[in-house]
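Opening the notebook on a new model today. I want to look up two things: the ligand site and the cysteines.

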Amino acid sequence: MKRTDFPKEFKFGTATASYQIEGGIEDRSPSIWDEFSHTPGKTKNGDNGDVACDHYHRYEEDIEIMKDIGVDAYRFSISWPRVMTDGIKPNEKGIDFYQKLVDKLLENNITPFITLYHWDLPLYLYKEKNGWLNPDIANYFQDYASLMFNKLGDRVKHWITLNEPWCSAFLGYFVGEHAPGHKDFQESFYVAHNLLRSHGKAVIAFRDIVKDGKIGITNVVTKVESLSNDEKDIQAAKLVDQYINGWYHDPIVYGKYPEEAVNSLKNIKLDIPENDFDIISQTIDFFGVNYYSRQVISYDENHPLKFKHAEGPLPKTEMGWEIYPKGLYDKLVEFNNKYKLPLYITENGMAGPDKLENEQIHDDYRINYIKDHFKSTLDAIKDGVDLRGYFIWSLMDNFEWAHGYSKRFGLVYVDYNTQKRYLKDSALWYKNFLLNK
Ligand SMILES: OC[C@H]1NNC[C@@H](O)[C@@H]1O
C-alpha cells in the first residue's frame, strides 16, 4: 500500500492536545486537569501536566520534527485557560503563543486543524460557575470560540469544537476517572447535553466569523459487538452503541437522542427544552472519528445501563485495547451511510512497550498497527466513504490522563528527564510512506 493509493487531496497528519504536551503553566490560569492531576491518587505516580513535553517552549523544534516526517496536517488543541484568564478575560500572551504556532505551521506547509476543547476546562468556570453542569457554560464557550475564530480564523480553516464529549461526560462525571472526578450518573447526562449545546453555539458563531472555514466535532467511535447471539446480549450491545456513539452524533444530524437509549433510561431526567436541539443540530461540515478498538458487550442486570464488558481474545495494546482494524472499516462505512457527512480520522494509534536503546526505538508493532488501520481506511474509501484525512495519535509521547506518562502513543519518543525527542522506527516508516516509498 502506497500513499498514492489514497486520493490526492487526502491529508495525512498527526495529533496532540494542549494539556497533554504543553506544560508552561506559568503563563496560563489553571484548568480542571491541573487540580485533578495534583490530587493524590488520581493519576499514576501522581503525574501531572505541569511540564509534560514542554511544548510551550519547544513548539518550534516539534514543528521541525513534523516537517521532517513530512505530515500534511497537524491537529492540536487550544488551552482555553491559556488564551482567556479563568476562561473569561482574553490573555494576549496566551493568544500570541497560538498565533506563532499557527504561523510556523503555515510557513512549513502544514495545515493546522484546531480543537477548541480537549478537556482542560478553566478551573474558575468549574469552581465558580459549576462548569459543564451549568447550561450557561454554552455562552462562555461561544465567547471563547468567537475569540479564537476572530484571532486565527483568517489562517485556520479547519476547526473541531469538542474532543470526545463522551469522555468528558461519562469518564469525568460518572466513572470519575477523568477530571473533575464526579461519580453521578444523572450529572453525566446533563454534562453531555451542555457539551452538545456548547458545540452548537460555537458552530453558530463560526458561520458568522469564518465564512470559508469547515467545522466539525470529534468523538471517540468504538465498534460495539455482542458477546454472543443471545438476544439479551445483542440488545445490550445495541444500547451501548447508542450510549457511546449515537448519543453524540444523532442529536447533531437528526436533532434527537437515540430513541431506544432514551427509553432505557427510566430513572434519568432528560427534561430538555425543545429548542436546544435547534442549537445542537446546526449543520456541520464533518465528523471527526477517534478510533482505537472495539467493545465486546454482554447483558448485566446489575449495571445501571444493563451491560458489562467482556474480555476480547485479540492481541492488545499497552492500554489493554484489542487491535481490531476491521472495526474502523465497519464504523466508517456505517457513519458514511447513516450521517452522510465527510469524515476525518482525527485519532488512531496505539500505546506500545517502547524502549529507548542506543537512541533508537524499534516499534514494529506500531508500524504494523498503522499499516493495518491504513488498509481499513483505504478499503472504506474504495467502498465509497467520503474520508478526507487521517491523524495518527500521537505526534509524541505525552501525558495520558489518569495513566500519566506510563503509556507511550507517540511516533516520537520523549525522554521526560531530558525532554530530548527521538524518532521511533514508526516515525521513519511514516516519513517514507509520505514520500511514497
Ligand atoms: O487514549 C489515547 C487518546 N484517546 N483520545 C483522546 C486523547 O487525549 C488520548 O490521549
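My entries on the ligand come before those on the cysteines.

Entry 1, the model. I am working with a predicted model, so I keep that in mind for everything below.

Entry 2, where the ligand is. I checked the pockets and found the ligand sitting in the largest one.

Entry 3, the shell. Which residues surround the ligand? I listed Gln20, His118, Trp119, Asn163, Glu164, Tyr292, Trp321, Glu347, Trp393, Glu400, Trp401 and Phe409. Sorting the shell by residue type gave me 6 nonpolar, 3 polar and 3 charged.

Entry 4, polar atoms at the ligand. I looked up His118 and found a side-chain N or O atom 2.8 Å from an oxygen atom of the ligand. Trp401 also has an N or O atom in its side chain 2.8 Å from a ligand oxygen. For Glu347, I have a polar side-chain atom 2.6 Å from a nitrogen atom of the ligand. Then I asked how much of the ligand the protein covers. On its own the ligand has 280 Å² of accessible area, and the protein covers 95% of that.

Entry 5, disulfides. How many disulfides does the count come to? I get 0. Cys53 is in no disulfide, and its nearest cysteine sulfur, in Cys167, is 19 Å away. Looking from the other end, I see why Cys167 makes no such bond: its sulfur is 19 Å from the closest cysteine sulfur, that of Cys53, which is too far. The cut-off I used for a disulfide is 2.5 Å between the sulfur atoms.

Entry 6, burial of the cysteines. Are Cys53 and Cys167 buried or exposed? I noted Cys53 as buried, at a relative accessible area of 0%. Cys167 is buried as well, with 6%. I call a residue buried when its relative accessible area is under 20%.

Note on methods: Residues numbered from 1 in each chain as written. Predicted model: local features only at pLDDT ≥ 70, side-chain atom pairs only at ≥ 80, totals over all residues. Heavy atoms only, no water. Near = heavy atom within 4 Å. Polar contact = N/O pair within 3.5 Å; in protein donor to acceptor, adjacent residues only side chain to side chain. Areas by Shrake-Rupley, 256 points an atom, 1.4 Å probe, with all protein chains shown as cover. 1 Å grid on protein atoms, 1.4 Å probe; cavity = no way out; pocket = protein on both sides within 12 Å on 5 of 7 lines; lining within 4 Å. Sits in = over half its atoms within 2 Å of the grid points. Nonpolar A, V, L, I, M, F, W, Y, C, P; charged D, E, K, R; others polar. Buried < 20%, exposed > 50% of the residue type's maximum accessible area, 1.4 Å probe, protein only.
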